[in-house]
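Hello,

Here is the structure I promised to pass on to you. Have a look at it first, and then read on for a tour of what turned up in it.

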Amino acid sequence: MKVKDVMTNNPACCTADTNLQEVAQMMVENDCGCIPVVENEETLKPVGVVTDRDICCRTVAEGKNPLDLTAGDVMSSPVATVTPEDS
């Protein structure tokens, strides 16, 4: 089996400066718990990932206001990537 057999094509993504509330809304709209963070909308180069757990543990649990934060403030980085042709 190859990655392309199980991957999501064209996943919702954001940039590091995307407001965290918008990231959470993307999770709701796309029924997912993870949004890739890309360098910019042209290259779509992955630089991190924001999970629903990142939002809980790195904001709410620390008493921070998620409305004041961006994806870059809570994202996990660096990311490991694979190609669609990898097994």
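Before we start, one definition will help: Ala, Val, Leu, Ile, Met, Phe, Trp, Tyr, Cys and Pro count as nonpolar, Asp, Glu, Lys and Arg count as charged, and the others, Gly among them, count as polar. Please also keep in mind that this is a predicted model.

With those classes in hand, let us go to the largest pocket. Its volume is about 700 Å³. There are 22 residues in the lining, and those closest to the centre of the pocket are Thr 8, Asn 10, Pro 11, Pro 36 and Pro 46. How does the lining divide into nonpolar, polar and charged residues? It has 16 nonpolar residues, six polar ones and no charged ones. Strands S2 and S3 each contribute at least two residues to this lining.

Asn 10 deserves a second look. This residue sits in the segment before S1, and Asn 10 is exposed, at a relative accessible area of 77%. Its phi is positive, about 50°, although Asn 10 is not a glycine. Asp 31 gives you another example, with a positive phi near 50° in a residue other than glycine. You will find Asp 31 in the loop between H1 and S2, where its relative accessibility of 73% makes it exposed. Why point these out? Most residues other than glycine have a negative phi, and most peptide bonds are trans. On the second point, the peptide bond from Ser 77 to Pro 78 is cis, with omega near 0°. Pro 78 belongs to the segment after H3.

Now for the sheet. Three strands make up an open sheet, ordered S1-S2-S3, and the pairing is mixed. Because S1 and S3 stand at the edges with a single partner strand each, one side of each has no neighbour in the sheet. What makes up the pairing between S1 and S2? S1 (residues 14-15) and S2 (residues 34-38) run parallel and share two bridges. Cys 14 has Val 37 as its bridge partner in S2, while Thr 15 is matched with Val 38. On the other side, S2 and S3 (residues 46-51) are antiparallel and are joined by five bridges. There, Val 37 stands opposite Gly 48 of S3. So if you follow Val 37 in the viewer, you will meet Cys 14 as a bridge partner and Gly 48 as the residue opposite in S3.

Val 37 and Cys 14 also turn up together in the largest nonpolar core, which has twelve residues. The others are Leu 20, Val 23, Met 26, Met 27, Ile 35, Val 50, Ile 55, Leu 69, Ala 71 and Val 74. Helix H1 (20-29), strand S2 and helix H3 (71-74) are the elements that give two or more residues to this core. H1 has the largest share, with four residues. As a general background, nonpolar side chains tend to be buried together in soluble globular proteins.

You may wonder about the cysteines: how many disulfides does the structure hold? The number is zero. A disulfide is a covalent bond between the sulfur atoms of two cysteines, and here a pair has to lie within 2.5 Å to count. The sulfur of Cys 13 has its closest cysteine sulfur in Cys 14, at 7.1 Å, which is too far for a bond. For Cys 57, the closest cysteine sulfur is that of Cys 56, 6.3 Å away and again too far. Cys 13 is partly exposed, with a relative accessible area of 28%, and Cys 57 is partly exposed too, at 35%.

Finally, here are two places where the chain brings separated residues together in space. Glu 41 is in the loop between S2 and S3 and is exposed, with a relative accessible area of 65%. Glu 41 and Cys 13 are 28 residues apart in sequence, and their C-alpha atoms are 8.8 Å apart. Arg 53 is part of helix H2 (residues 52-58) and is exposed as well, with a relative accessible area of 57%. From Arg 53 to Gly 33 is 20 residues along the chain, and 8.0 Å between C-alpha atoms.

Enjoy exploring it, and do write back with any questions!

Best wishes

Technical notes
Residues are numbered from 1 along each chain as its sequence is written. This is a predicted model: local features need pLDDT of at least 70, side-chain atom pairs count only at pLDDT 80 or more; totals for chains, interfaces and linings use all residues. Side-chain values use heavy atoms; hydrogens and water are left out. Buried means under 20% relative accessible area, exposed over 50%, partly exposed in between (1.4 Å probe, protein chains only). Two strands pair if DSSP finds at least two bridges between them. On a 1 Å grid over the protein atoms alone, a cavity is a set of points where a 1.4 Å probe fits but cannot get out, and a pocket is an open set with protein on both sides within 12 Å along at least five of seven lines; lining residues have an atom within 4 Å of a point. Grid points are joined across faces, edges and corners, and a volume is the space filled by probe spheres set on the points. A nonpolar core is a set of buried Ala, Val, Leu, Ile, Met, Phe, Trp, Tyr and Cys residues joined through side-chain atoms within 4.5 Å.
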